[in-house]
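Dear colleague,

I am passing the structure below on to you, since you will be working with it from here. Please look it over first, and then read the notes that come after it.

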Amino acid sequence: MMESSEFFQASVVDGDILSIVLRGDLDSASTPEFENLIKQHLDAGHNKIIIDCQYMGYISSLGLGSLVALQTRLRRKGGAVKLCAIQGPVMQVLKLVRLDGVLDIYGDRAFARKSFQEQT
């Protein structure tokens, strides 16, 4: 499965991990579509998600709330969401609201994938 929109590109890797590459900001324009994609993945019974943030230049409070809610839901189901390749401005926002210690953040997608393999 490969899904694509102006906001993201999504594919399933390693059988059950949803890998999303964000193509811009996570804000009021993109968050509803992002949440809809996540919901489809969860409804299919999967609970592992990697979000590649290398092209994300901005995240709004709505986007932050969406990530925190997603992490809470996945942890309840025994899964996880892992963020990777976060660039300067977005990382500054995460640090400012102290989410850098709450969310699982990796340097790149390969490390994030590997961390799922190490959990099994």
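The notes below go through the strands, the cysteines, the two helices and one loop residue.

Please keep in mind throughout that this is a predicted model.

I begin with strand 5, which covers residues 80-84 and is largely enclosed by the rest of the structure, because five of its five residues are buried. Ala 80, Lys 82 and Cys 84 point one way from this strand, while Val 81 and Leu 83 point the other way, and all of them are buried. This fits a general pattern, in that side chains of a regular strand alternate between the two faces of the sheet. Strand 5 pairs with strand 4 in the parallel sense, over five bridges, and within this pairing Val 81 of strand 5 is the bridge partner of Ile 49.

Cys 84 leads on to the matter of disulfides, of which the structure holds zero. Why do Cys 53 and Cys 84 not form a bond? The sulfur of Cys 53 has its closest cysteine sulfur in Cys 84, at 6.5 Å, which is too far for a bond, given that a disulfide needs the two sulfur atoms within 2.5 Å. Both cysteines are nevertheless shielded: Cys 53 is buried, with a relative accessible area of 1%, and Cys 84 counts as buried at 0% relative accessibility.

Turning to the helices, the axes of helix 1 (residues 31-43) and helix 2 come within 10 Å and cross at roughly 10°. The two helices are therefore roughly parallel to each other, as angles under 35 degrees count as such. On the side of helix 1, the residues that meet helix 2 are Thr 31, Phe 34, Glu 35, Ile 38 and Leu 42, and they face Leu 62, Gly 63, Ser 66, Leu 67, Leu 70, Arg 73 and Leu 74 in helix 2. Sorted by class, this contact has seven nonpolar, three polar and two charged residues.

Finally, there is Ser 60, which lies in the loop between strand 4 (48-52) and helix 2 (61-76). Is Ser 60 buried or exposed? With a relative accessible area of 11%, Ser 60 is buried, because buried means under 20%. Leaving aside residues up to four places away in sequence, Ser 60 touches Leu 26, Asp 27 and Ser 28.

With best wishes

Conventions:
Residues are numbered from 1 along each chain as its sequence is written. This is a predicted model: local features need pLDDT of at least 70, side-chain atom pairs count only at pLDDT 80 or more; totals for chains, interfaces and linings use all residues. Side-chain values use heavy atoms; hydrogens and water are left out. Helices (H or I, at least four residues) and strands (E, at least two) are DSSP runs, numbered from the N terminus. Buried means under 20% relative accessible area, exposed over 50%, partly exposed in between (1.4 Å probe, protein chains only). Contact means heavy atoms within 4.5 Å. Axes are lines fitted to C-alpha atoms, for helices over the stretch in contact, and angles run from 0 to 180 degrees between N-to-C directions. Angles under 35 degrees count as roughly parallel, over 145 as roughly antiparallel, 65 to 115 as roughly perpendicular and the rest as oblique. Ala, Val, Leu, Ile, Met, Phe, Trp, Tyr, Cys and Pro count as nonpolar, Asp, Glu, Lys and Arg as charged, and the others, Gly among them, as polar. Two strands pair if DSSP finds at least two bridges between them.
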